[in-house]
Amino acid sequence: MKIGIIGAGNIGGNLTRRLTALGHEVSVANSRGPQTLTALAEETGATPVTASEAAKGAQVVVVTVPLKAVPDLPAGFLDGAAEGVTVIDTGNYYPQRDGRIAAIEDGLPESRWTEQQIGHPVIKAFNGTYAQDILDRGRPQGTPDRQALPVAGDDPAAKQAVRDLIDELGFDTVDGGGLDDSWRQQPGTPVYGNRGDADAITKGLAEASPERTAEFRA
């Protein structure tokens, strides 16, 4: 599969490592330019590109940049993507880093805000996952206590594509509902940073409160 990754930090870098190892054709971009991605490209075989080029021909695009950087993504960066492209949003709102985003403070789910900024539906996944776990904790399908990740989004086909990809990476998934339900996996909720199995994640999603914890408010 052709996959574009925008953001080469901890999550983006480790997704690049694992997805190339699984045989996917990965293009990776960051804010500093492809010349700064030489080492990652040599390690993984991924193609370093600009953010404007990352989605070209891609069936899946991963947006994994700080929330404050989302509005600065190049206009039309998804225009060259494959028809029906699935966009994964891994982002989290951290006011100390991102500044105050009024709509999110007022209760708009973080991924709904990101969707509005980029003008394309997104699937929320990996936002509560430790980056190192992507490399270390993947297990074969059917393994007892296999770690599970929540996945939220409105498009059933896109959501299934993401769940299939996560399964390939070695993790179970739990349907986190539509994007308006994605607050259940935002920072401060029971599933954020939770390494539990599918039962534990299902329980955590059900127990989540829509009230943002003080730690994650501006």
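This passage looks at strand β1 and its partners, then at two buried residues, T64 and K159, in a predicted model.

A convenient place to start is strand β1, which spans residues 2-6. Of its 5 residues, 4 are buried, so the strand is mostly covered. On one hand, β1 pairs with strand β2 (residues 25-29) in the parallel sense, through 5 bridges. Within this pairing, I3 sits opposite V26 of β2. The two strands also belong, together with helix α1 (residues 10-21), to a right-handed β-α-β unit. On the other hand, β1 runs parallel to strand β4 (residues 60-63), and 4 bridges join the two. Here the bridge partner of I5 is V62 in β4.

Moving along the chain, T64 lies in the loop between β4 and β5 (86-89). Its relative accessible area is 13%, under the 20% cut-off, and T64 therefore counts as buried. The side chain of T64 makes a polar contact of 2.8 Å with the side chain of T90. Beyond its neighbours within four places in sequence, T64 is in contact with I5, I6, G7, I11, G12 and T90. Among these, I5 is the residue of β1 bridged to V62.

The other residue of interest, K159, is placed in helix α7, which covers residues 156-169. What is the relative accessibility of K159, and is the residue buried or exposed? The value is 10%, so K159 counts as buried. Setting aside residues up to four places away in sequence, K159 touches I123, V151, A152, G153, D175, G177 and G178.

Terms used
Residues numbered from 1 in each chain as written. Predicted model: local features only at pLDDT ≥ 70, side-chain atom pairs only at ≥ 80, totals over all residues. Heavy atoms only, no water. Buried < 20%, exposed > 50% of the residue type's maximum accessible area, 1.4 Å probe, protein only. Contact = heavy atoms within 4.5 Å. Pairing = 2+ DSSP bridges. Right-handed = clockwise from strand over helix to strand, strands pointing away. Polar contact = N/O pair within 3.5 Å; in protein donor to acceptor, adjacent residues only side chain to side chain.
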